[in-house]
Amino acid sequence: MRALVEAARRKGSALVVGLDPVPDRLPPGLRAEREKHEAVREFCRSVLEAVVPYAAAVKIQLAHFERLGPEGMRAYGELVREAADMGLPVIADAKRGDIAETAAAYAEAHLRLYGAHCVTVNPYMGADAVLPFLEEARRLGRGGGVFVLVATSNPSAGAFQEASEPPASELAARLVADLGEVRGCDYPDAGAVVGVTRPEAGRRVRELLPRALFLAPGFGAQGGGISGVRALLGGSGGGVLIASSRAILYAFEERGGDYREAAAEAARGMRDRLRTAGVKV
Ligand SMILES: O=c1ccn([C@@H]2O[C@H](COP(=O)(O)O)[C@@H](O)[C@H]2O)c(=O)[nH]1
């Protein structure tokens, strides 16, 4: 997680801007007389340029590129490289999770071939579905790692993740603790996805993972705010990266005007709200 932590400290920002480009929501001028993947590519590239001063990193949602076929995946690969050139570490929000050999193939694809720093991973299949990602990240030595789904932000998450004893979220947190320890690192290289919409679960996960880096979605469009963020903070007010996508990408729909300026303004506002609340990484 070194790449993310260093970028967040350098920028003084705990904000991760999410790229979730939905073709039908792009500004009409961009959509006109263009293939979807071209419009998505230009939109995402321009948003990255606009938010780079305010963002610690970028989280790219793979689903929105996979749905565009091979050209979409080519655009994804180009955006990963361009973000890295802008100094923005990339989190591939791929939510992969399969047995060891298949996991190794996913890890090679996303970390080595496409070049993301971090990948989100589903822990349901156990440690061997996660470990190959950590091994690939360590081999590459670029300060990357994995974010394991622990307490997700969606409405029905609790009904599944908190239903058993011990809760699935606790088992996932223990997996993160077991896999992530690397001597001499500020943060272990396995982190946890914990939604800002789940403050109660977040507090419990933080007790189990006092040093881990959290990737916290749900801020903005899903209704999460600063009170949800506070529940996730580590002892010194740190250890959390807040991810927000639609509230930044589509800020132009409410604010009007140029989509790049609207995205920059929304990202700057979020970074400042997080700073004012004392959130640091
Ligand atoms: O628990 C989770 C894990 C991942 N996500 C993903 O984050 C973004 C959220 O987008 P917003 O527009 O900021 O709501 C999206 O890619 C999800 O797939 C999540 O929401 N919750």
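**A closed parallel barrel and the helices around it**

Strand S1 (residues 15–19) and strand S2 (residues 57–61) run parallel and are joined by four bridges. Within this pairing, Val17 has Val58 of S2 as its bridge partner, and Gly18 stands opposite Lys59 in S2. The model in which these bridges are found is a predicted one, with a mean pLDDT of 94 for the chain and 98% of its residues reaching 70 or more; the scores for the model are ipTM 0.99 and pTM 0.97.

S1 also pairs with strand S8 (residues 240–244), again in the parallel sense, here over three bridges, and in this pairing Val16 stands opposite Ala243 of S8. With S2 and S8 both paired to S1, the next matter is how the strands are arranged as a whole. Eight strands form a closed barrel in the order S1-S2-S3-S4-S5-S6-S7-S8, with parallel pairing. From one strand to the next, the twist averages 30 degrees. As a general point, strands of a sheet pair through backbone hydrogen bonds, and they do so either parallel or antiparallel.

Following the barrel onward from S2, one finds four bridges that join S2 to S3, the two strands running parallel, and among the facing residues Gln61 stands opposite Asp93 in S3. Strand S3 (residues 90–96) in turn pairs with S4 in the parallel sense over three bridges; here Ile91 stands opposite Cys118, while Ala92 has Val119 of S4 as its bridge partner.

The burial of these strands can be read residue by residue. In S1, five of its five residues are buried, and they cover both faces of the strand, with Leu15, Val17 and Leu19 on one side and Val16 and Gly18 on the other. S3 is mostly covered as well, six of its seven residues being buried. In S4, both faces are again covered, since the buried residues include Cys118 and Thr120 on one side and Val119 and Val121 on the other.

Several helices can then be placed against the strands. Helix H7 (residues 131–140) lies across strand S4 (118–121), S5 and S6, and runs at about 150 degrees to S5. The buried residues in H7 are Leu131, Pro132, Phe133, Leu134, Glu136 and Ala137, and what covers them includes helix H6 (100–113), S4, S5, H9 and S6. In an α-helix there are 3.6 residues a turn, so residues three or four places apart point the same way. Just after H7, Gly141 takes a positive phi of about 60 degrees.

Helix H10 (residues 199–208) has Ala201, Gly202, Arg204, Val205 and Arg206 as its buried residues. Their cover includes strand S5 (145–151), helix H8 (157–161), helix H9 (168–180) and strand S6 (190–194), so that S5, S6 and H9, which are listed in the cover of H7, are listed in that of H10 too.

What, then, surrounds Arg41, a residue of helix H3 (residues 36–51)? Arg41 counts as buried because 24 other C-beta atoms lie within 10 Å, where 20 or more are needed for a residue to be called buried. Leaving aside the neighbours within four places in sequence, Arg41 is in contact with Ala75 and Glu78. Arg41 and Gly72, although 31 residues apart in sequence, are 8.2 Å apart in space, taken from C-alpha to C-alpha.

The last part of the picture is the ligand. Which of the 18 residues around the ligand come nearest? They are Gln61, Thr152, Pro217, Ser245 and Arg246. Gln61 has already appeared in the barrel, where Gln61 stands opposite Asp93 in S3. The residues of the shell around the ligand divide into four nonpolar, 11 polar and three charged.

Definitions and conventions: Residues numbered from 1 in each chain as written. Predicted model: local features only at pLDDT ≥ 70, side-chain atom pairs only at ≥ 80, totals over all residues. Buried ≥ 20, exposed ≤ 12 C-beta atoms within 10 Å, placed from the backbone. Pairing = 2+ DSSP bridges. Contact = placed C-beta atoms within 7 Å. Near = placed C-beta within 6 Å. Nonpolar A, V, L, I, M, F, W, Y, C, P; charged D, E, K, R; others polar. pLDDT = per-residue confidence, 0-100. Axes fitted to C-alpha atoms, helices over the stretch in contact; angles between N-to-C directions.
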